[in-house]
Amino acid sequence: MNERITFISAFNDINLEKINYYIKQLDDELCKVPFGKNVDSRMEADTLPYHFTLSAWNIEDEAEVLNGLSMIEYPKLGILINDIEIMNGKENSYVLCFGIEKSEELKLLQSQIYKILPSEKYNPESFSFHITIHIDKDYAKIISMKEKLLENFIPFELEIDKFGLYEIYPAKLVKQFKSFINDKDYEEISPTAIVTAYPRIFTDIPYEKEIYNWLEKHCNEKVTLNKMLAPEIESRYKLINKLLDKYGIKQVLELAAGYSSRGLIYSKKGYNYIEMDLENVSKNKKEILQSIEKNIPKNLNIISGNALKNDDFKGIESYFKIDEKITVINEGLLRYLSFNEKRIVAENIHDLLSKYGGIWITSDVTPKKFIKSQNKALQGFNKSVSSITSRNNLNDRFEDENHIREFFGNIGFELVEIHKFNEMKDELYSINELGIVDDKIEKTLEDAIVVVMKIKK
């Protein structure tokens, strides 16, 4: 019978794989359950995933604990695993564990929990976080295991955005708690939609001049504009359209749609088109469309939402026919998100496509070499973008194609097509309009890509 409840980190598969990379180097049978827990078999009771603990209480306090934990806003956390350690356990046992570098954010979260639901063993002033690997009474065995792990150990980072309350032992999940996503944290990305709207006026894409004229009159965003970005933006736009036409799926969700005219154009072709963006952009977009088009198609819906929020995705479903596939599109979103945030968006898309079927078309996986090419072709561009948003970090870019496949493969996607921007070179109006003949710009079109993904069978 379970006697305790424990509140722990809930690592996703990507982070668990980082832990398992080291765990699988040990040939011994492992057990994380402490001695003296009134269980018939420690091995059988060891059903908790790898985790670090924030607190634990008696099971009779479960209702009070659930209520208290529901009052807390949970942050997205990053931790550094910096060592392999041995601690003293109960009944003369030894705990082999991953050491966690001190984190003020983690301590703050534990302090909030302790203030509402005190449990003296988990007093943040004296508690050290760790991830248990194995508990044993054989000290020589524990030492041997530690030495084995240290042979190839390199400190590594883990990300957490979910936490779980479990009854123990064996483990039974009571409730999962997710990090709170605040739209205001992502509003600084919105001005980049104006940065890309300006170069489109030098293309032959319909409605783009009217859209930018409205933005120029009504928006006070101080952004640096660069018309030499036009070939890149035009090729990205037209390549995505080409793939959208190829697959012929008539239901489309465009995430972070910004001020693009694609939704208006394709809804006029009979597509059921949903654009989702943060509230300030969606509000502007509706006013723009009303100013340039008297009869906005009924099958074009502009809705407010955040691509990181699963609940916002669920709200989209009312706009779609359940028996028809969906194409999800995004261009210029993931590049501004951390890898943990990219994963959240990808998981939301995976959930949607698992229900409806279809594909995901995105240009937001372009690898680091493109940014380097872009910096040479458009000197100062990325520096100016970074002055608009702090979310223009080279560390948040994919390394290469293998990195892309591995990242999305771990979530459940497979890449079915990869296309370079330069496939559209002969269709770029902006090259003739601006008189651009530049090897450096052509190199950016060579390095930038659009991919098509679908869910693994």
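Let's start with Asp-161, whose side chain makes a polar contact with the side chain of Arg-343, at 3.0 Å. Do keep in mind that this is a predicted model. Asp-161 sits in the loop between strand S6 (156-160) and strand S7 (162-168). Is that aspartate buried or exposed? Its relative accessible area is 7%, and because the cut-off for buried is under 20%, Asp-161 counts as buried. Leaving aside neighbours within four places in sequence, Asp-161 is in contact with Lys-76, Phe-177, Lys-178, Ser-179, Asn-340, Arg-343 and Ile-344.

Now, on to the nonpolar cores. As many of you know, nonpolar side chains tend to be buried together in soluble globular proteins. Here, the largest nonpolar core has 45 residues, and those touching the most other members are Tyr-212, Leu-215, Tyr-259, Ile-329, Ile-361 and Val-450. Helix H8 gives the most to this core, six residues. Another core, of 44 residues, lies apart from it, and Phe-177 is among its members, along with Tyr-50, Leu-109 and Ile-160. You'll remember Phe-177 from the contacts of Asp-161.

Last, the cavities. How many of 30 Å³ or more does the structure hold? Four. I'd like to show you the second largest, which has a volume of about 150 Å³. Its lining is made up of 15 residues, and nearest the centre are Arg-335, Ser-363, Asp-364, Thr-366 and Phe-370. By type, the lining residues are seven charged, five nonpolar and three polar. Helix H8 (230-247) turns up again here: H8 and helix H13 (368-377) each supply at least two residues of that lining.

Key
Residues numbered from 1 in each chain as written. Predicted model: local features only at pLDDT ≥ 70, side-chain atom pairs only at ≥ 80, totals over all residues. Heavy atoms only, no water. 1 Å grid on protein atoms, 1.4 Å probe; cavity = no way out; pocket = protein on both sides within 12 Å on 5 of 7 lines; lining within 4 Å. Points joined across faces, edges and corners; volume = space filled by probe spheres on them. Helix = DSSP H or I, 4+ residues; strand = E, 2+ residues; numbered from the N terminus. Nonpolar A, V, L, I, M, F, W, Y, C, P; charged D, E, K, R; others polar. Core = buried A, V, L, I, M, F, W, Y, C linked by side-chain atoms within 4.5 Å. Buried < 20%, exposed > 50% of the residue type's maximum accessible area, 1.4 Å probe, protein only. Polar contact = N/O pair within 3.5 Å; in protein donor to acceptor, adjacent residues only side chain to side chain. Contact = heavy atoms within 4.5 Å.
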